[in-house]
Amino acid sequence: MTRDYEQFPEDDNGNVLWQMAQDGDDLGEPHQVEFSIIFQDQAQLEQCALHLLHQEQQVSFFNDEDSDAQDWILTIHVEMIPDYSDIVDLEEWFTSIAEKFSGEYDGWGCMAYVYDDEDEEFDDELPED
């Protein structure tokens, strides 16, 4: 498989998407992509979360007790086809929202959906009850 630099530019986002494609992830299917914003203050996080809820975004948050600063992490869950330009647009939007509420945009991630033809063959061989 040869890398298409228009679809997978040479930057962090392009590299992650390219790795997902190389791993066999079907990038044409919707994924649950999670974008994160870090806050030092719970009240700022809650204000940001309410703002995002009014923007019809699905959010969750938690206190990262493992960090030295005990940061608050806000996660925005977006069901989308992982496309480079859409991810960049959302990153810009979430970065501006993070700044508005004194937070710091921290990046994105998603579960990879890799299907192996051998798994399908195995499923076909299972005995019926």
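**Close-up views of one predicted chain**

**View 1. Asp 83 sits in a negative surface patch.** Asp 83 counts as partly exposed because its relative accessible area is 32% (buried is under 20%, exposed is over 50%, and partly exposed is in between, using a 1.4 Å probe and protein chains only). The areas come from the Shrake-Rupley method with that 1.4 Å probe, and only the protein chains shown count as cover for a residue. This is a predicted model, where local features need pLDDT of at least 70 and side-chain atom pairs need pLDDT 80 or more, while totals for chains, interfaces and linings use all residues. Residues are numbered from 1 along each chain as its sequence is written, and side-chain values use heavy atoms, leaving out hydrogens and water. Look for Asp 83 in the loop between strand S3 (72-80) and helix H3 (84-100). Its partners in the patch are Asp 86, Asp 89 and Glu 92. A patch takes residues with over 30% relative accessible area and no salt bridge, joining like charges within 9 Å and nonpolar side chains (Val, Leu, Ile, Met, Phe, Trp, Tyr) within 5 Å. Asp and Glu count as negative, Lys and Arg as positive, and His and the chain ends aren't counted. Each charge is placed at CG of Asp, CD of Glu, NZ of Lys or CZ of Arg.

**View 2. Zoom out, and the chain shows four helices and four strands.** Walk along the sequence and you meet them in the pattern α-β-α-β-β-α-β-α. Helices (H or I, at least four residues) and strands (E, at least two) are DSSP runs, numbered from the N terminus. Of the 129 residues, 37% count as buried.

**View 3. Here is the one salt bridge in the structure.** Arg 3 pairs up with Glu 10, and their closest N and O atoms are 4.0 Å apart. To count, a side-chain nitrogen of Lys or Arg must be within 4 Å of a carboxyl oxygen of Asp or Glu. Arg 3 counts as buried because its relative accessible area is 15%. Glu 10, with 57%, is exposed.

**View 4. Asp 25 is buried yet has no salt bridge.** You'll find Asp 25 in the loop between helix H1 (12-22) and strand S1 (31-39). The nearest side chain of opposite charge is Arg 3, 15 Å away. What does the side chain of Asp 25 make a polar contact with? The side chain of His 31, at 2.8 Å. (A polar contact is a pair of N or O atoms within 3.5 Å; within protein, one must be able to donate a hydrogen and the other to accept it, and residues adjacent in sequence count only if both atoms are side-chain atoms.)

**View 5. Glu 91, in helix H3, is buried and has no salt bridge either.** For Glu 91, the nearest opposite charge is on the side chain of Arg 3, 13 Å away. Its side chain does make a polar contact with the side chain of Asn 13, at 2.7 Å. Another polar contact, of 3.0 Å, links the side chains of Glu 91 and Tyr 105.

**View 6. Glu 56 has a positive phi even though it isn't a glycine.** The angle is about 65 degrees. Glu 56 belongs to the loop between helix H2 (42-54) and strand S2 (58-63). It counts as exposed because its relative accessibility is 73%.

**View 7. Ser 102 also has a positive phi without being a glycine.** Its phi is near 60 degrees, and Ser 102 lies in the loop between H3 and strand S4 (104-110). With a relative accessible area of 55%, Ser 102 is exposed. Now find Phe 39 in strand S1. Its C-alpha atom is 7.1 Å from that of Ser 102, although the two are 63 residues apart along the chain. Phe 39 counts as buried because its relative accessible area is 0%.
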